[in-house]
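Me: I would like a close look at a single part of the structure shown below, set out as one connected account. Please begin with the charges and then widen the view.

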Amino acid sequence: MAGTALAQTPFVPDDWKFGKRQEPNTLHYCVDARDPDFPVARKIGAAIASALLLAPKEHVIGENQVTEDIENLYRVFLETCDLYLGFKLIPDAYPDWLTVSRPYYRVSYVVAVTDPGWKSLADMPRSQAIGATIGTSADLRLIQYLQALPARERWSRFPMADDEAALRAVLRGTAGAALVWAPALWALQAREQDFAKLRVIAPAPLPVSTADVGAALLSNESFLRSSVDRAIASLTADGTLEAMLRASKFPATPVK
Amino acid sequence: MLVKRFLKSTVLGLPLILLAGTFAQAQQPQAADPTRNITLVTDEMLRNPPASDWLMWRRTYNGWGYSPLDQINKNNVKDLQVAWSWSMTNGATETTPIVHDGVLYLFNYANKVQALNGATGELIWEYKRDLPARLVAGGGNLGTRNMAIYEDKLIVATSDAHLVALDTKTGKVVWDNTTDDWSKGWRHTSGPFVAGGMIVQGMQGCGNAQPGGCYITGHDPKTGAEKWRVHTIAHPGDPNENSWNGLPLESRFGATPWISGSYDPEQNVVFYGTGQPYPWIAEMRGTVPKKEGYENNALYSDSTLAIEPTTGKLKWYRQHLQDDTWDLDYVYERMLIDLSVNGEMRKTMVTSGKLGILEVIDRTNGQWLWHKEMVPQNVVTSIDPKSGAKTLNAAIVPKIGQPATTCPANPGARGWPATAYNPRTGTLYAPLNEFCASMTPQPLEPGQAYAGGGRAAFKFMAVPNSDGNFGRVDAIRLSDRATVWSHRQRAPSTSAVLPTGGGLVFAGDMARYFRAFDEETGKVLWQVRTNNAVNSFPITYSVNGKQYVAVATGGGSGFLRSVSQLATEIKYPESGSMLWVFALPEK
């Protein structure tokens, strides 16, 4: 790693670049306390290390900062971990110096409401708004869908800063439905009683939106990348990941 | 002197073993400590700064960035040489030093502030902010472009969203006030100025999906306490609340005032610019398609705000780009210039945003006067000469799944490096760059916490029929709007410009050159190749009758990293920030 040029890497002081821990028997992986899948990611990280016959070393990131620029990851990789769990496989979303492993699970974006009478989004009156977490892949599809409709047939769409804001907008009545990442609803319902009032309905007429999730790592770590990909394939094939997700009642499926 | 140095070392927490070295150093002849005789900076001094001082970001309230000092001039600039230099903390170095009574105050990356002897470069005191570890580990821009000085206080805005007043003589903290919660992304990348006895400061970091957007605040210089707040996004109850296409407040983001402002003492009005709404793509933020019964120009993004600093009253505003979907901020310096327009003297405000369109408006009411396009652009197809209303090019609006090629690209035909105005020549000097970009809207959520902002993917390219040059410094005479000269070069322009009373215009670039141009012809009269990209605000000052020119160098800024993609054969070091100070040789 030291001294290797990566295209357009973010600025870091020199003393971050030279020298790297030499622990060939340990897999340093980061999990993010801000991510709704945090408890599951911890188990997946340990399982990957185990599959690689490496000692697991977990690092918890992001305990006191709400959001970060993706460029900040560069420092995290230089200083802390080889692998950072919880990144979506979105084409062209990453800088050249960053890549994402094979996915270890697939998750849907869901529509959450409080109204007991609605079975799908189609049942929601057009006078109501959809609170959508801003700029997600599902949100982009919602935007395209709404724009294809005549103006009078559209729901209003309120972009929200994050999943929690979108869900709270439904609880407050600002929006009739929230379009959010399923694990966010899962985590919030486990954390706060208020969110128990929310339930998931079918997204129709919207299509189901999904995203595959893997672990981020530096692009030049090609050996690690292939090793991790093989480990995830193995954990998927032998049912380890599926059992792990089921045990946590986590709303995801392995990617076969 | 000896005792003072000893105490300083102890205060700074240096190991005792180092004191021997400090002691030995003190045996050498030292210049007198100029802080001993430093005077209070008064309101009158800020209105009419001594020629020897550089008391605020653009030196004077009118934002000209001009110094009347003329000891270094066209005839002798060829002899200019390094007087002293000072290594700075490595990192983005977009700084503007302040100079008062021979003391040069310097803001380093990672929030280290130093007082140096302006004649010798000797360190007088140092303040190092104890930033939260997570903030430092996160990296990003931990610099600030400017500071303020008032009475006996140096006032700095920090990366962890504080305003701090330091004693100008000692560097000791006089007060330290939180302006917002850094953990939510709030931060300062530009500093304050003092106008009408009030500290005026813009908040930054609100592109990080902070509902309700940013704000500008007024603070009591004695305590730092907030006295007023002007939201840069129309909130409920605001006359322009209706301008966000029916979105609730929690769905309105952006309009960051990320560059410091100007002040007209005669009117008692400060002028502040704002950035674009977030996210960049209008489709994503919900301001298009326009809904019946609502406006969708997203006020007060990309606007000039005229604010009374005593009360925080918004006197008027002018939006320069409505519902910006290209990330083309209109946030940069506002220059206050009295100009003849159609035979009538007008009190004008001159500014330009990333679009590179020079815009002149009446600073008493925001009325449109005239404009001049400085670089090739394809965003605005026409401007109404009476109202200034812009017709935007619908063909290049980026849409989801549909990239668009825009000129200029989003780092801008001009970035934060400031333009300047020379009152002797009536000429404005602008650091410009010519380039375009293919802009592709992207999902914002690669990782749950690594989201927000205004993401789109960009691929930079030269303008059509380019001669291969990207960087320019242009001289534009405001009386007839003529481009008097244009210095064109391959390397992008990356520093602010500094016109002086000596008939010179100083400016720097990505290729590490710092140059002095002839103000009338643009001829390069002097140049030096520094250690790193020149990516800051050069200043000039004098101590005991001797004139100095100072400029900080260093890579790491987002602007520099963006334009470095244009001429990839031009390299600059990844590390090495430095303050260079030049002067004429002793006779």
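How far apart are the mean positions of the 55 positive and 53 negative charges of chain B?

Reply: In this predicted model, the mean positions of the 55 positive and 53 negative charges of chain B are 3 Å apart. For chain A, the corresponding mean positions, taken over 27 positive and 29 negative charges, are 7 Å apart.

The overall build of chain B gives the setting for its local details. Its secondary structure comprises six helices and 39 strands. The radius of gyration of chain B is 23 Å, close to the 25 Å that the globule rule gives for 587 residues, so chain B is as compact as a globular protein of that length. Measured out along its principal axes, the C-alpha trace of chain B spans about 75 × 50 × 50 Å, and 66% of the 587 residues count as buried. When contacts in chain B are restricted to residues at least 6 apart in sequence, 61% of them join residues at least 24 apart. The exposed area of chain B is about 19,200 Å², of which carbon and sulfur atoms supply 52%.

Within chain B, several loop residues repay inspection. B:Ser190 is found in the loop between strand E9 (173-178) and strand E10 (193-195) of chain B, and it counts as buried because its relative accessibility is 1%, under the 20% cut-off. Once its neighbours within four places in sequence are left aside, B:Ser190 is in contact with B:Thr144, B:Arg145, B:Asn146 and B:Ala157, with B:Gln201 and B:Gln204, and with B:Trp258, B:Ile259 and B:Ser260.

The backbone of chain B also has some features to set against a general expectation. Most residues other than glycine have a negative phi, and most peptide bonds are trans. B:Ala255, however, has a phi near 60 degrees, a positive value in a residue other than glycine. B:Ala255 is found in the loop between strand E14 (253-254) and strand E15 (262-264) of chain B and is buried, with a relative accessible area of 0%. B:Asp327 likewise has a positive phi, near 65 degrees; B:Asp327 lies in the loop between strand E19 (313-319) and strand E20 (335-341) of chain B, and it is buried at a relative accessible area of 5%.

As for the peptide bonds, the one from B:Val288 to B:Pro289 is cis, with omega near -5 degrees, and B:Pro289 is found in the loop between helix H5 (282-285) and strand E18 (303-308) of chain B. Another cis peptide bond joins B:Cys407 and B:Pro408, where omega is about 0 degrees; the loop that holds B:Pro408 runs between strand E26 (404-406) and strand E27 (420-422) of chain B.

Chain B also takes part in contacts with chain A, and A:Ile134 is one residue through which to follow them. A:Ile134 lies in the loop between strand E6 (129-133) and helix H3 (137-148) of chain A and is buried, with a relative accessible area of 7%. Apart from neighbours within four places in sequence, the contacts of A:Ile134 include A:Asp139, A:Arg157, A:Pro159, A:Met160 and A:Ala161 in chain A, together with B:Phe253, B:Pro279, B:Met284 and B:Leu444 in chain B.

Helix H2 (residues 72-79) of chain A supplies another link between the chains. Seven of the eight residues of this helix are buried, so it is largely enclosed by the rest of the structure. The buried residues of H2(A) are A:Asn72, A:Leu73, A:Tyr74, A:Arg75, A:Val76, A:Phe77 and A:Leu78. They pack against strands E1 (26-32), E2 (55-61), E3 (83-88), E4 (98-100) and E10 (210-218) of chain A, together with helix H4 (133-138) of chain B. A:Asn72, which is among the buried residues of H2(A), is 62 residues from A:Ile134 in sequence and 21 Å from it in space, C-alpha to C-alpha.

The nonpolar interior completes the picture. In soluble globular proteins, nonpolar side chains tend to be buried together. Here the largest nonpolar core has 70 residues, and those with the most contacts inside it are A:Ile44, A:Ile48, A:Tyr104, A:Tyr105 and A:Leu167. A second, separate core of 46 residues includes B:Met45, B:Met198, B:Ile216 and B:Leu305.

Key: Residues are numbered from 1 along each chain as its sequence is written. Chains are lettered from A and ligands numbered from 1 in the order in which they are written. This is a predicted model: local features need pLDDT of at least 70, side-chain atom pairs count only at pLDDT 80 or more; totals for chains, interfaces and linings use all residues. Side-chain values use heavy atoms; hydrogens and water are left out. Helices (H or I, at least four residues) and strands (E, at least two) are DSSP runs, numbered from the N terminus. The radius of gyration is taken over C-alpha atoms; the globule rule is 2.2 Å times the number of residues to the power 0.38. Buried means under 20% relative accessible area, exposed over 50%, partly exposed in between (1.4 Å probe, protein chains only). Contact means heavy atoms within 4.5 Å. Accessible areas come from the Shrake-Rupley method with a 1.4 Å probe; for residues, only the protein chains shown count as cover. Lys and Arg count as positive and Asp and Glu as negative; His and the chain ends are not counted. The place of a charge is taken as NZ of Lys, CZ of Arg, CG of Asp or CD of Glu. A nonpolar core is a set of buried Ala, Val, Leu, Ile, Met, Phe, Trp, Tyr and Cys residues joined through side-chain atoms within 4.5 Å.
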